[in-house]
Amino acid sequence: MHPHDQTIFALSSGRPPSAIAVVRISGPRAEAALTLLAGKIPTPRMATRALLRDAHRQPIDDAVVLFFPAPKSATGEDVAELHVHGSRAVLAALFAALSSIENVRAAEPGEFTRRAFENGKLDLTEAEGLDDLIHADTDRQRRHALRQLKGLLGDRVRDWRARIIEASALVEAGIDFSDEGDVPAELMAPAIQKIKALLVEISDVLAARGRSERLRDGLVVAIAGPPNVGKSTLMNELAQREVAIVSPHAGTTRDAIEVHLDLKGYPVTVIDTAGIRKTRDPVEQEGVRRARARAAEADLVLWLFDTDAVGIPSHQGPPVWRIRNKIDLTTLSAGVRERDELRISAARGDGIAELVSAIVAFARDYFGAVESGLIGRERQRKLLEETAGSLRRSLEVASGGEELVAEELRRAALSLGRLLGRVDVEDILDVIFREFCIGK
């Protein structure tokens, strides 16, 4: 039996135990499964109380049930929702009862959303937005993901694709009427105007300042420097908890330690690295090697030093900030920027607020205008770049004949179709939807 002919079920709420658990059922046997369990089908989209029973008529739980007939449901199929008490025993009995029904099985990760996509309830950009919303850790991630889910990019892409098809129709008509004298030229001129306007719009989106697609992963900040300058202390101060071991002995940190923070809505991953120095200890040597590698891959490096270590190694890569620590042992003032350095006392907390504000400002500049950014993923950017390239080439070959223009427009429309997930995307669907949790 084809998977789409099977009915699926899954827990769609939090991990048990919980006060209430929501179990969703989707597919052609959703109505039959609900009838077997609840003894009746409630009025569509109306919450109804029912005693759920298994195939042997043994009671499972007193529940609230809902039924959403196709196609007016989240997946486009018949969908049933069971709101039960969220104990492991109740869910185990309910899942056993559902599994005993012919052609009803447990859902795979992302299968509900994939069915919604395949039934035209949402396009691929909206599905990606839903996945981003589920995994959002900060308010800015939430807002950007919700805008994608509501069609921030998808609506624009559908409009662009329709306009490309309009231009393509004019070009194709010119080919059909190529023996009619000046007809092809009359049709080609408005097509070229449409292509130019489209290229400007898409190029503006691609050129828009900011890296909103990186918002999903967050900004990576590496704390680097010699041993015993307070890197782990600063890490704990930024995290507001003890995530790294603090010791007066050099070489305590041997491997990179990561902590994920929400700094004024921006997702930031802070990495505490091993102290960089020459050593004969092979384990510490590996820690130093990893520290250098993580610093090179970061978006920002905080080079920590104290009164005895002021040098910064030559560095090709991300920006490096000089952070002078342990000013509580000096007469220097915290939070003051002098000679391109920021002064702090990680042990006492002096200057930490100024450092956090500086990182937030860097994140704001790094991500740019996230609220207005259309692009949410690297996949989307690459397909828009392909589209712009095809439109640009269609203008370059316009003097060579309508056939060449028509071919480039066909490629542009194909790229946008792939962005929406409507053509030639089978190779990426499994990759995208397996990232979803079970029940979505």
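How far apart along helix α6 are D155 and R158, in helical turns? They sit 3 residues apart in that helix, so about one helical turn separates them. That pair gets its own view below, and everything shown here comes from a predicted model.

**View 1. D155 and R158 pair up within helix α6.** Helix α6 covers residues 154-176. Here D155 makes a salt bridge to R158, and the closest N and O atoms are 2.7 Å apart. Neither end is tucked away by the cut-offs used, where partly exposed falls between 20% and 50% relative accessible area. D155 is partly exposed at 44%, and R158 is partly exposed too, at 34%. Elsewhere, R393, E407, E408, R410 and R411 are joined into one network by salt bridges that share partners.

**View 2. A salt bridge links D132 to R377.** The structure has 26 salt bridges, and this one brings its closest N and O atoms to 2.9 Å. D132 belongs to helix α4, while R377 belongs to the loop between α10 and α11, so the bridge ties together parts that are 245 residues apart in sequence. Are these two residues buried or exposed? D132 has 15% relative accessibility, so it counts as buried. R377 comes in at 8% and counts as buried as well.

**View 3. E111 reaches R105, and R24 lies over F112.** The salt bridge between E111 and R105 has its closest N and O atoms 2.6 Å apart. With a relative accessibility of 10%, E111 counts as buried. At the next residue, F112, look for R24 over the face of the ring, 4.7 Å from the ring centre.

**View 4. The largest nonpolar core draws on both strands and helices.** This core has 32 residues, and the ones touching the most other members are L219, L234, L302 and W321. Two or more residues apiece come from β7 (219-224), α8 (231-239), β8 (257-263), β9 (266-272), β10 (300-305), β11 (320-324) and α10 (352-367). Helix α10 supplies the largest share, 9 residues. To get a feel for the packing, start at L219: beyond its neighbours within four places in sequence, its contacts are P267, V268, T269, D299, I359, F362, A363, Y366 and F367. There is also a second, separate core of 30 residues, with L153, W160, L391 and A406 among them.

**View 5. Y266 and F367 stack.** How many aromatic pairs does the structure hold? There are 5. In the one shown here, the ring centres are 5.9 Å apart and the planes meet at 10°, so the pair counts as stacked. Y266 is in strand β9 and F367 is in helix α10, so the stack ties together parts that are 101 residues apart in sequence. Both Y266 and F367 are buried.

**View 6. W321 and F362 meet edge-to-face.** In this pair the centres are 5.8 Å apart and the planes are at 85°, so the arrangement is edge-to-face. Strand β11 carries W321 and helix α10 carries F362, so this pair ties together parts that are 41 residues apart in sequence. W321 counts as buried at 18% relative accessibility, and F362 does too, at 16%. Step back a little and you'll find one aromatic cluster made up of Y266, W321, F362, Y366 and F367.

**View 7. Helix α5 lines up its buried residues on one face.** Along α5 (residues 139-149), the buried residues are R140, Q141, H144, A145 and Q148. Looking down the helix axis, they fall within an arc of 125°, so they line one face. What covers them includes α4 (124-134), β9 and α11 (378-396). After the helix comes G151, which has a positive phi, near 95°.

**View 8. G351 sits in the loop between β13 and α10.** Strand β13 covers residues 341-343. G351 has 8% relative accessibility, so it counts as buried. Its C-alpha is 9.4 Å from that of N325, a residue 26 places away in sequence.

Methods
Residues are numbered from 1 along each chain as its sequence is written. This is a predicted model: local features need pLDDT of at least 70, side-chain atom pairs count only at pLDDT 80 or more; totals for chains, interfaces and linings use all residues. Side-chain values use heavy atoms; hydrogens and water are left out. A nonpolar core is a set of buried Ala, Val, Leu, Ile, Met, Phe, Trp, Tyr and Cys residues joined through side-chain atoms within 4.5 Å. Buried means under 20% relative accessible area, exposed over 50%, partly exposed in between (1.4 Å probe, protein chains only). Helices (H or I, at least four residues) and strands (E, at least two) are DSSP runs, numbered from the N terminus. Contact means heavy atoms within 4.5 Å. Rings of Phe, Tyr and Trp (its six-membered ring) pair if their centres lie within 6.5 Å; planes under 30 degrees apart count as stacked, over 60 as edge-to-face and the rest as tilted. A charge sits over a ring if NZ of Lys or CZ of Arg is within 6 Å of the ring centre and within 35 degrees of the ring normal. The arc is that of the directions from the helix axis to the C-beta atoms. A salt bridge is a side-chain nitrogen of Lys or Arg within 4 Å of a carboxyl oxygen of Asp or Glu.
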